[in-house]
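Here are three short exercises to try with the structure open next to you. Have a go at each task before you read its solution.

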Amino acid sequence: MGSVAIVLAAGEGTRMKSVIPKVLHQLCDRPMLAYVLDTVTALAIDRTLVVLGFGADQVRASIDTAVDSVVQEEQLGTGHAVKTAARALRADEDQILVLPGDAPLITLDTLQRLLQAHRQGAAAATMLTAVLPDPAGYGRVVRDAGGELVRVVEESDADDVTRAIHEVNTSIYVFARKPLLGALERLDRSNTQSEYYLTDVIQILAGQGERVLAAQAGDALETLGINSRAQLAEAAALMRRRINRGWMDEGVTLEDPAMTYIGGLARIGRDTVIRPLTFIAGATVIGEGCLLGPSCRIQNSRIADGARVQESVLVECDIGENADVGPYASVRPGTVLGPGAKLGTFVEAKNTKVGRGSKVPHLSYMGDADIGENANVGAGSITCNYDGEKKHRTVIEDEAFIGSDTMLVAPVKIGRGAVTGAGSAITKDVPEGALGVERAQQKNISGWRPRRKKGEDERDNP
Ligand code: UD1
Ligand code: CA
């Protein structure tokens, strides 16, 4: 006895009005299909089989190679999709879970309860249903006087009485192999959409006197299917709430969870405080006791314990323990900040190493630079790293002191403990301990200011 999960992901998603296959649209930073596959993978199920179709190559590229797939060349409906997958079933796979790829909120717990209800009921089919305040767009569940399942009627095929039903099909089912395969053979396209409806399997099996059960989802919201951009936004808001709740449960403070955006792949250590309007995206890993925000975007980065980041954008960078970033810093890919280092107000850094305890506090651009430990880069200093053709590196050794408004014309090296004079354009290396200064001598011209009439002076400076 084996079990398999068939995930339906072949549809184009016409209602999304997009060139991107529907299941690849993202919520909280990940394609909706990824959430479904993660949940299915956590079940005690032997194999997962994804039905691909529209944008098959793109969708396949997004899924784990351990997950099998079949291609439904023409998307003739959910029944046709399962029929296509059925041809790829192995001989021993006799319990079949079917899920749509567009219901990312479904939880492990709900799926486990569905599988349990199916086994306990020894049913031919068990359908997960949900009661929705607004059932518009979903297939309605029709029961007989005794409460037994009779059939599912798609909204476009439903009359007013049927449309008034609030119990809907979630498109999640468990089937026993033999009755399913038999019913799939009997599907036809006599409906308003001219599709092979998987939902018709319920009516066929019930009509044959097979045991057809329904299990209701505890929380109807987790069965939400995404067909439109509005539903995508709705599901994303629910997912965000779930992710945020999870991190708060793990000991992270979110000052305003409704204004905090944490992606599905991010990791955050305890006692970190996150202020509003902070976006933590991609495979970002945040340590313990950090202070992030307000207003930050942190993407695919690592932030070590105790670091502080405010009002800044960080992409693919590595921020050391107790380091300080912002406000208003742009930290671009390849930047590595050592422990206790600082990139301050209006500083941009790219592909730059800033050693332990070194500081770039104000208004600077550090590109392709290697800064040693305990160096100080004065306000307004800039690495001139690009000569119009190539990028060159700037080396600033330990304890160097870069005077304000220094232009470091790369390639150039400032030796250990060396100093540059404020306002210098440094084109030659400055040896260890030396002062490099490049600027004209100051000239003072006395009596320059035109003498004002006594009366004006008195009016200006009473
Ligand atoms: C379907 C159900 C409806 C249910 C709703 C729940 C049918 C006929 N209708 O409607 O009863 O209330 O889900 O969300 O089953 N797909 C394929 N191949 C196809 C067609 C669809 O793989 O040929 C996939 C889609 O990619 C999608 C899933 O099947 O992931 C469901 O298809 P969709 O068109 O979204 O069905 P709904 O109209 O939402
Ligand atoms: Ca759907």
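**Exercise 1.** Find the strand that holds F279, then work out which nonpolar surface patch F279 belongs to.

*Solution.* Start with the strand: F279 sits in β16, which covers residues 278-281. This is a predicted model, by the way. Next, check the exposure. F279 has a relative accessible area of 34%, so it counts as partly exposed. A patch member needs over 30%, and F279 passes with its 34%. Finally, look for its partners: M259 and L277 join F279 in a nonpolar surface patch, and together the three have about 230 Å² of accessible area.

**Exercise 2.** Work out which residues coordinate the calcium ion (ligand 2), and which parts of the chain they tie together.

*Solution.* Look around the ion first: D102 (OD) and N227 (OD1) coordinate it, at 2.3 to 2.5 Å. Now place both residues. D102 is in the loop between β6 (93-100) and α4 (108-121), while N227 is in the loop between β11 (212-216) and α8 (229-249), so the pair links parts that lie 125 residues apart in sequence. Last step: buried or exposed? The cut-off for buried is under 20%. D102 is buried at 13%, and N227 is buried too, at 16%.

**Exercise 3.** Decide whether D200 is buried or exposed, and find its nearest side chain of opposite charge.

*Solution.* First, locate D200: you'll find it in helix α7, residues 200-207. D200 turns out to be buried, and it has no salt bridge. Now check the distance. The nearest oppositely charged side chain is R151, 8.0 Å away, whereas a salt bridge has to be within 4 Å. So what does D200 touch? Leaving out residues up to four places away in sequence, its contacts are L187 and D188.

Conventions
Residues numbered from 1 in each chain as written. Chains lettered and ligands numbered in written order. Predicted model: local features only at pLDDT ≥ 70, side-chain atom pairs only at ≥ 80, totals over all residues. Heavy atoms only, no water. Donors = N, O, S within 2.8 Å, 3.2 Å for Na, K, Ca; no water. Helix = DSSP H or I, 4+ residues; strand = E, 2+ residues; numbered from the N terminus. Buried < 20%, exposed > 50% of the residue type's maximum accessible area, 1.4 Å probe, protein only. Lys, Arg positive; Asp, Glu negative; His and termini not counted. Contact = heavy atoms within 4.5 Å. Patch = residues over 30% accessible without salt bridge, like charges linked within 9 Å, V, L, I, M, F, W, Y side chains within 5 Å. Areas by Shrake-Rupley, 256 points an atom, 1.4 Å probe, with all protein chains shown as cover.
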